[in-house]
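Q: I am new to this structure and would like to know what the words used for it rest on. Could you take me through it step by step?

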Amino acid sequence: RAVVALLCASIALAAAADTESSVGVRLTAASASCNSITLRWPAAVGSALSVLEYGVWFRAVESGSADANEPMPMQRYAAEGLAESLVEVGGLKAGARYAFEVRARTSEGWHMYTDSLYETTMAPSDFPLPILAPEVRGFVDCSTIRLSLPTLRFCHASTHIALEYRRGGPDGDWQMMRERVLGGDIEVGGLQADAVHEFRLVGFEQATEARPAAGSSTPPILTD
């Protein structure tokens with residue numbers, strides 16, 4: 001495969017420009033199982049009013065309906081407030097579609113915080129699925145890269161995904177970097193300059209004798 005040369009200074013500047021021009025907060029699915037969806041969203045930084053807590057609202061989306069005409073009302077997932085920006089919404093039906101949104105409470109009350117997210121839980125008949133390659137989003141600095149990992153999709157609770165790393169091209173050995181990861185953006189630091197780097201995801205199923213399954217890797221990345 002062709003080696004992709006990334007100039008870290010220019011990409012870091014471009015990433016910063018995109019962040020400054022973005023509007024709204026994006027809600028993503030870090031994982032989707034047969035009975036739950038794990039949601040992830042960026043925490044509020046630099047807002048005029050401090051966020052006291054987050055709340056997750058959701059509703060089922062009827063199959064085959066326009067949904068926009070008479071949507072089901074949203075319900076709050078949990079009564080207690082959320083201080084973190086990651087939550088697993090459980091108790092869902094397999095193979096069903098849901099709408100999610102996150103709201104933030106400030107001293108002035110509850111406000112819409114994220115865009116709506118539509119996501120479908122998994123069903124046993126969906127498997128096996130290929131493990132997709134991480135997407136290279138850009139450099140935070142010349143030794144730290146930002147990767148976007150695909151949504152982890154599974155049915156068995158013992159399933160997990162790990163991130164592996166290889167330096168030096170095809171002759172290098174794959175090494176474990178993160179033993180458990182979820183979908184969404186992550187930052188990987190400590191990269192050596194003037195070297196070729198690759199990343200891939202590996203799936204593990206602890207309840208079976210199956211060997212770990214490696215997914216596709218990123219294109220070889222040459223840092224400057």
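A: Gladly, and let us start with a single residue. A44 has a relative accessible area of 29%. Buried would need under 20% and exposed over 50%, so A44 is called partly exposed. Please keep in mind that this is a predicted model.

Q: Where does A44 lie, and what is it in contact with?
A: A44 belongs to the loop between β3 and β4 (53–61). Leaving aside neighbours within four places in sequence, its contacts are V51, Y54 and Y113. A contact here means heavy atoms within 4.5 Å. Along the chain, A44 and Y113 are 69 residues apart, yet their C-alpha atoms are separated by 9.0 Å.

Q: What makes up the protein chain as a whole?
A: The protein chain has one helix and 18 strands. It holds 224 residues, and 40% of them count as buried. Its exposed area is about 12,600 Å², with 51% supplied by carbon and sulfur atoms. Among contacts with a separation of 6 or more, 67% are between residues 24 or more positions apart.

Q: Why is G172 called buried?
A: The relative accessible area of G172 is 18%. The cut-off for buried is under 20%, so G172 meets it.

Q: Where is G172 placed, and which residues does it touch?
A: G172 sits in the loop between β13 and β14 (175–181). Not counting residues up to four places away in sequence, it touches R166 and R167. From G172 to E198 there are 26 residues in sequence and 9.9 Å in space, C-alpha to C-alpha.

Q: Why is D194 described as exposed?
A: D194 has a relative accessible area of 62%. Exposed means over 50%, so the word applies to D194. This residue is found in the loop between β15 (184–188) and β16. Its phi is near 55 degrees, a positive value in a residue other than glycine.

Q: What makes β13 largely enclosed by the rest of the structure?
A: Eight of the nine residues of β13 are buried, so the strand is largely enclosed by the rest of the structure.

Q: How do you know that β13 pairs with β16 and with β14?
A: Two strands pair if there are at least two bridges between them. Nine bridges join β13 to β16, and four bridges link β13 with β14, so both cases meet the definition. β13 runs antiparallel to β16, and its pairing with β14 is antiparallel too. In these pairs, R167 stands opposite H197 in β16, while Y165 stands opposite Q175 in β14.

Q: Why do β6 and β12 count as edges of their sheet?
A: The sheet is an open one of four strands, in the order β6-β3-β2-β12, with mixed pairing. β6 (86–89) and β12 each have a single partner strand, so one side of each is left without a neighbour in the sheet.

Q: How do you know that β2 and β3 are paired?
A: Four bridges join β2 (residues 28–32) to β3 (residues 37–40), and at least two are needed, so the two strands pair. They run antiparallel, with A32 opposite I37 in β3.

Q: What makes β10 and β11 a pair, and what joins them?
A: Five bridges hold β10 and β11 (residues 144–149) in an antiparallel pairing, and at least two are needed. E135 has S148 in β11 as its bridge partner. A hairpin of two residues joins β10 to β11.

Q: Where is P128, and what kind of peptide bond joins it to F127?
A: P128 is in the loop between β9 (117–120) and β10 (135–141). The bond between F127 and P128 is cis, with omega about 5 degrees.

Q: What lines the second largest pocket?
A: This pocket has a volume of about 650 Å³. It is lined by 28 residues, and those closest to its centre are L129, I131, R153, T159 and I161. The lining divides into 19 nonpolar, six polar and three charged residues. β12 (152–153), β13 (159–167) and β16 (196–205) each supply at least two lining residues. β16 gives the most, with four.

Note on methods:
Residues are numbered from 1 along each chain as its sequence is written. This is a predicted model: local features need pLDDT of at least 70, side-chain atom pairs count only at pLDDT 80 or more; totals for chains, interfaces and linings use all residues. Side-chain values use heavy atoms; hydrogens and water are left out. On a 1 Å grid over the protein atoms alone, a cavity is a set of points where a 1.4 Å probe fits but cannot get out, and a pocket is an open set with protein on both sides within 12 Å along at least five of seven lines; lining residues have an atom within 4 Å of a point. Grid points are joined across faces, edges and corners, and a volume is the space filled by probe spheres set on the points. Ala, Val, Leu, Ile, Met, Phe, Trp, Tyr, Cys and Pro count as nonpolar, Asp, Glu, Lys and Arg as charged, and the others, Gly among them, as polar. Buried means under 20% relative accessible area, exposed over 50%, partly exposed in between (1.4 Å probe, protein chains only). Accessible areas come from the Shrake-Rupley method with a 1.4 Å probe; for residues, only the protein chains shown count as cover.
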